[in-house]
Amino acid sequence: MRTVNLVLISSFLAACSMTNPTEQTALKGADKPSKEAFRPAFHFTPEKHWMNDPNGMVYYQGEYHLFYQHNPDSSVWGPMHWGHAISKDMVNWQHQEIKLFPDEHGTIFSGSAVVDWQNSSGFGSKENPPLVAIFTYHDDKKAAQGAIDFQTQGIAYSTDKGRTWIKYANNPVLKNPGIRDFRDPKVSWHEDTQQWVMVLAQDDHIGFYSSKDLKTWQFESNFGADWGSHAGVWECPDLIRVRIEGTDEYKYVLLVSINPGAPNGGSGTQYFVGDFDGEKFVLDSDYQKMLTTTPAVFPQGLDFSNFKNGLKNWQVSGEAFHIVNDQPANTIASSFKGSDEAIGTLTSKSFAIDHDFINFKIAGGKHHNSTAIQLLVNGEIVKTASGNNTGTMTERSWNVSQLKGQQAYIKVVDNERGDWGHIKIADIVFSDKAAKEKYEPSIWLDYGTDNYAGVTFSDAQDGRHLFMGWMSNWQYANQVPTEVWRSAMTIPRELKLLQTPAGVRLASQPIKELDSLLSNTQQKATLTGTNSYQLDELFTVEPGQFKVSFSLSNAEQVTDIVLSSDKDEYTKLQLNPAQGQLVLDRRQSGLKDFEDGFASLQTAPLQKGLEYYDVEIWVDKASVEVFVNKGVSSMTSIVFPTSPYNKIQVSAEQPLSLSDVKLNNIAIEK
């Protein structure tokens with residue numbers, strides 16, 4: 001174990017393993033090694049190597065426990081363990097030793113932890129209640145053999161405040177019924193029925209289970225087949241009972257992370273509001289109306305692919321492509337042969353374009369022109385499409401009306417051996433109508449690209465729902481430009497249900513404990529009379545470590561907030577109340593070439609017609625976290641500026657009024 005004050009030093013340690021276990025060091029900015037330049041000052045990061053999902057978050061006897069998915073041997077994802085840290089305030093963390101290691105049942109995937117106050121498990125006593133962790137076992141060997149029941153649920157317990165853990169001798173406590181993705185148990189006590197309740201991710205829906213002792217589990221019901229986005233695998237659910245602010249009414253909120261399928265690409269977290277009786281979750285009628293699905297459309301036409309008769313009409317190169325029937329009623333040309341190693345191409349015969357649309361179904365990797373279907377005219381690629389890092393076939397369409405009469409051919413390409421390095425294609429059809437993929441409306445906790453797999457702390461006090469997420473995205477998590485360590489957690493947030501003009505919404509607000517980081521407030525009561533304010537000329541800004549907030553009035557016009565550095569790298573936030581849109585632009589934010597889709601334009605819904613728009617932004621070297629209107633709209637985005645952001649401009653086309661303008665630097669020493 002090593003004690004670390006993250007606020008003081010985690011930004012500056014180049015070789016954590018060489019630091020004295022009790023040493024606390026605060027190096028000046030000039031001494032920071034370049035390979036640690038992006039390590040946050042006040043976000044949780046592992047000392048070294050890989051981290052992803054927060055796990056086992058629980059509060060007990062004045063301490064917050066954070067476990068996390070951890071590969072102790074590499075800075076990319078690998079065999080999962082549970083890393084561990086402890087804090088008294090969710091701000092300053094003490095790193096602990098790894099607590100859960102792989103065993104004969106598999107590696108240790110995500111899960112939760114609870115305080116068993118009544119000792120229902122028998123692992124402790126009522127005087128010394130045990131902490132019980134519930135987690136997923138992932139058996140790589142069974143998975144490699146082609147089995148689908150390779151994920152099961154296990155438990156472990158601690159009777160010394162989480163310092164040491166013993167796995168239950170009769171693991172697994174919940175066996176797999178034949179579901180490939182069967183994981184991430186989140187357990188809580190349901191007071192009305194006096195039982196433990198588990199929410200579990202099962203493919204693209206949620207399973208509910210109950211138990212009296214945490215050791216024997218009974219299936220109760222499923223939820224989600226008809227609601228929310230199913231563009232990817234459902235993961236890391238959480239079920240919390242939340243009071244609607246300003247009322248005595250309570251609702252249950254079900255959080256569900258999904259990868260891929262987030263509104264701005266890759267992974268994200270959607271949520272549902274409803275009621276739960278210990279057995280079934282019933283979605284509120286207002287949410288049912290908002291989340292009604294529009295079915296896919298795939299018009300009839302001329303079947304060009306004829307995959308039902310194999311690949312005899314296609315020129316095949318390489319060893320990858322073959323015919324499979326892994327979707328109902330679909331014959332598919334696939335380049336996946338047990339792994340992503342095989343590569344190759346399919347090339348059609350030449351044909352004359354004589355329909356307005358070329359429709360097809362596609363799945364597989366999101367690699368532009370590397371796992372792709374292409375339309376070529378005169379040897380040039382004129383249309384292209386890739387998968388979305390999912391195995392679900394989705395409908396796509398090319399409008400080729402402007403190309404009618406020209407000779408063309410289709411090429412299906414797999415030149416990618418890495419993650420999701422395959423493609424699947426079915427039903428290439430020429431038609432005079434466009435195909436449309438299924439529209440599954442969703443409501444998202446955070447519309448930025450980098451808040452995933454977040455859950456709440458069990459047993460938090462005073463009715464608070466305290467949340468942390470993994471501040472990354474599976475689209476590029478293994479490629480981000482850090483070396484010693486990879487990934488951080490979001491700042492902790494309190495989740496609240498608020499009444500808004502659009503209905504009840506789950507808001508995210510930075511926790512009050514973060515105020516301990518803030519230096520003296522620099523403040524202007526009002527700024528008015530011009531269309532642009534350079535806040536760094538009015539306030540002293542600590543490069544890369546600050547919080548800025550203000551209220552925006554006269555807000556019908558578009559307002560830009562630009563965070564920039566001395567090297568002209570910038571992240572821009574744009575509020576457009578008239579269109580009801582919030583936009584985060586990181587296309588010029590800094591380093592971006594490590595992944596094709598990182599340089600992105602991200603959008604979020606924004607309430608329309610308000611008299612004021614409150615904006616709060618937290619910046620920490622390699623991250624920007626935005627909260628608008630008490631966190632009803634939130635966006636989290638990692639960035640990698642080669643020089644820390646130290647400039648803040650707020651501007652619009654017409655004169656702009658700001659009030660209660662505050663700037664707080666995040667002190668290196670509190």
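**Close-up views of strands and salt bridges**

**View 1. Two stretches of a recorded domain.** Over residues 433-510 the chain is 0% helix and 36% strand, and the C-alpha atoms at the two ends are 48 Å apart. Helices (H or I, at least four residues) and strands (E, at least two) are DSSP runs, numbered from the N terminus. In residues 43-289, by contrast, 4% of the span is helix and 49% is strand, while the end C-alpha atoms of this stretch lie 38 Å apart. Both stretches come from an unreviewed UniProt entry, which lists residues 43-289 and 433-510 as "domain: Glycosyl hydrolase family 32 N-terminal"; such annotations may be inferred rather than shown by experiment. The model is predicted, so local features need pLDDT of at least 70 and side-chain atom pairs count only at pLDDT 80 or more, whereas totals for chains, interfaces and linings use all residues. Residues are numbered from 1 along each chain as its sequence is written, and side-chain values use heavy atoms, with hydrogens and water left out.

**View 2. A salt bridge network that includes Arg 183 and Asp 184.** The structure as a whole holds 25 salt bridges, each a side-chain nitrogen of Lys or Arg within 4 Å of a carboxyl oxygen of Asp or Glu. In one of them, the side chains of Arg 183 and Asp 184 meet at 3.8 Å, taken from N to O. Asp 181 and Glu 235 belong to the picture as well, since a network of salt bridges links Asp 181, Arg 183, Asp 184 and Glu 235. Arg 183 has a relative accessible area of 10% and is therefore buried (under 20% relative accessible area, with exposed meaning over 50% and partly exposed in between, for a 1.4 Å probe and protein chains only). Asp 184 is also buried, with a relative accessible area of 5%.

**View 3. Lys 186 and Asp 238 across two strands.** A salt bridge joins the side chains of Lys 186 and Asp 238, with 3.3 Å from N to O. Because Lys 186 lies in strand E9 (residues 182-190) and Asp 238 in strand E13 (residues 233-243), the pair ties together parts that are 52 residues apart in sequence. Lys 186 counts as buried at 7% relative accessibility, and Asp 238 is buried too, with a relative accessible area of 0%.

**View 4. Arg 493 and Glu 625, a link between distant parts of the chain****.** What distance separates N and O where the side chains of Arg 493 and Glu 625 meet? In this salt bridge between Arg 493 and Glu 625, the value is 2.6 Å. The partners are 132 residues apart, with Arg 493 in strand E32 (residues 493-500) and Glu 625 in strand E41 (residues 623-628). For Arg 493 the relative accessibility is 0%, so this residue counts as buried, and Glu 625 is likewise buried, with a relative accessible area of 0%.

**View 5. Alternating side chains along strand E39****.** In strand E39 (residues 601-605), Gln 602 and Ala 604 point to one face and are buried, whereas Leu 601, Thr 603 and Pro 605 point to the other face and are not buried. Strand E38 (residues 581-585) runs antiparallel to E39 and is joined to E39 by 5 bridges; two strands pair if DSSP finds at least two bridges between them. Pro 605 also appears in this pairing, as the bridge partner of Gln 581 in E39.
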